[in-house]
Amino acid sequence: MLTHIFLISALTAACNCLENGLARTPPMGWLSWERFRCNTDCLNDPDNCISERLFQKMADLLVSEGYASVGYEYVNIDDCWLERYRGPDGKLLSDQRRFPNGIKALSDYIHSKGLKFGIYEDYGNYTCAGYPGIIGFEKIDAYQFAEWNVDYVKLDGCYALPYDMDRGYTEFGKLLNSTGKHMVYSCSWPVYQIYAGIPPNFSAIQSHCNLWRNFDDIQDSWLSVENIIDYYGNNQDVIAPYAGPGHWNDPDMLIIGNFGLSYEQAKTQFAVWAILAAPLLMSVDLRTIRPEFKEILLNRKIISVDQDPLGIQGRRIYKHKGIEIWSKPISPVYQSFYSYALAFVNRRTDGTPSDISVTLKELGLINNSGYRVEDLYENIDYGILFPRTKIKVKVNPSGVVMLKGQIKF
């Protein structure tokens, strides 16, 4: 039985949110980790190692291949950019062989393309790959990031005590703001506490971070994507109320265009991430991505669902025998009625498409004036449909059909 669970007033919890004016919609961009990991072997693999050359090339392609024009604006370094030691003044040092011109020069290059620059560090003694962490150097590092004109800071949580994270992440966020350079602040605070059996204080996390990770790192596999989808569906009552403009749950990177997802599965990841109002951070080699996967990532209509200014995280409203329906209230709004984005997901693997039939009313679309319904992947306009109208969609195994119902005024 379909359960329509959107009480909009309950979706947005009151908070004193991070006042840096950033991430009013989920951040979009490119992040190195899932695709390029900690490849530091520039001697034998110069095209794929973590280096200034790689990030410059990805910045070039974001612009020349049209990604920047649809909203992908951040170029983010992840782990393994550092030397194994700090400088004599306590400052962080980028690897001199792989980043010979330094981080400020790379930041300047990315900004010269009209893009924004993100960097990685860790609230611990070391990063996850064993490079220097920020503990004991928090103020120095925050001000160094400002000097480098960093726009986005991802702070991981390896080699740290989860009980210290409430204080430590909060203090570092305040230090970032104190520099006068506003930087998007991405936290790994809750996921490490969940691993340690500590219930995260999402009110505090929401107040001090622009986005945060709740669950495992994504891997290049459909199983990994499914596990994340399940986590967000099973825990939506706990985590969804804290998402909104300036503060987002982060289910991790988009792996579309790599090795682990079929075309149908890639469409499903993009659709569900849009429903979740998730950050859209691609981790893919933009030099070699196939056209069909690039087309998914450049789908303006689905991006607009993710970037909807209401900032409401969608929810799973139906789950039965491998079929799921996900729903997200979006603009425009008329009186007390919302428009909606809907993702019909087929988790079955029995080799044949599944038919799903349901009325708009059962989906929670109850405005008697009707809704203009459109398929966002197939670009089919079904015209004005009404609450009692039954719609039927055919969904491929591990695939998705994504519809938008725009309220008729």
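C49 counts as buried, because at 1% its relative accessibility falls under the 20% cut-off, and I begin with this cysteine in what is, I should say at once, a predicted model. Its partner is C42, to which a disulfide joins C49 with a sulfur-to-sulfur distance of 2.0 Å. C42, for its part, is partly exposed, since its relative accessible area is 24%, so the link runs between a partly exposed cysteine and a buried one. The torsion about the S-S bond of C42 and C49 is 100 degrees, and the link is right-handed.

That is one of four disulfides found in a search of the whole structure, and I will take two others in turn. C38 and C80 form a disulfide in which the sulfur atoms are 1.9 Å apart. This pair links distant parts of the chain, with C38 in the loop between α2 (33–36) and α3 (52–64) and C80 in the loop between β2 (74–76) and α4 (102–112), 42 residues apart. The disulfide of C38 and C80 is left-handed because the torsion about its S-S bond is about -110 degrees. As for exposure, C38 is partly exposed, with a relative accessible area of 30%, whereas C80 is buried, at 0%.

The next pair is C187 and C209, joined by a disulfide with a sulfur-to-sulfur distance of 2.1 Å. Here too the pair links distant parts of the chain, in that C187 sits in strand β5 while C209 lies in the loop between α8 (202–208) and β6, 22 residues apart. The link of C187 and C209 is left-handed, with -95 degrees about the S-S bond, and both C187 and C209 are buried.

Strand β5 takes us to the sheet. In what order do the eight strands of the open sheet lie? The order is β7-β6-β5-β4-β3-β2-β1-β8, and the pairing is parallel. The edge strands, each of which pairs on one side only, are β7 (248–250) and β8 (280–282). Neighbouring strands of this sheet are turned against each other by 25 degrees on average, with direction ignored. Looking at one pairing within the sheet, strand β5, residues 184–187, and strand β6, residues 211–213, pair in the parallel sense over two bridges, and the bridge partner of S186 in β6 is L211. The strand that holds C187 is therefore a neighbour of both β4 and β6 in the sheet order.

Let me turn, finally, to the later strands, where the pairing is antiparallel. Strand β9, residues 315–320, is joined to strand β10, residues 323–334, by five bridges, and H320 stands opposite I323 in β10. These two strands form a hairpin with two residues between them, and K321 in the turn has a positive phi of about 50 degrees.

How many bridges join β10 to strand β11, residues 337–346? There are ten, and the two strands run antiparallel. I323, which we have just met opposite H320, also stands opposite N346 in β11. The hairpin of β10 and β11 again has two residues between the strands, and there Q335 takes a positive phi near 55 degrees. Strand β10 thus takes part in both hairpins, with β9 on the one hand and with β11 on the other.

Methods. Residues are numbered from 1 along each chain as its sequence is written. This is a predicted model: local features need pLDDT of at least 70, side-chain atom pairs count only at pLDDT 80 or more; totals for chains, interfaces and linings use all residues. Side-chain values use heavy atoms; hydrogens and water are left out. Two strands pair if DSSP finds at least two bridges between them. Helices (H or I, at least four residues) and strands (E, at least two) are DSSP runs, numbered from the N terminus. Axes are lines fitted to C-alpha atoms, for helices over the stretch in contact, and angles run from 0 to 180 degrees between N-to-C directions. A disulfide is a pair of cysteine sulfur atoms within 2.5 Å. Buried means under 20% relative accessible area, exposed over 50%, partly exposed in between (1.4 Å probe, protein chains only).
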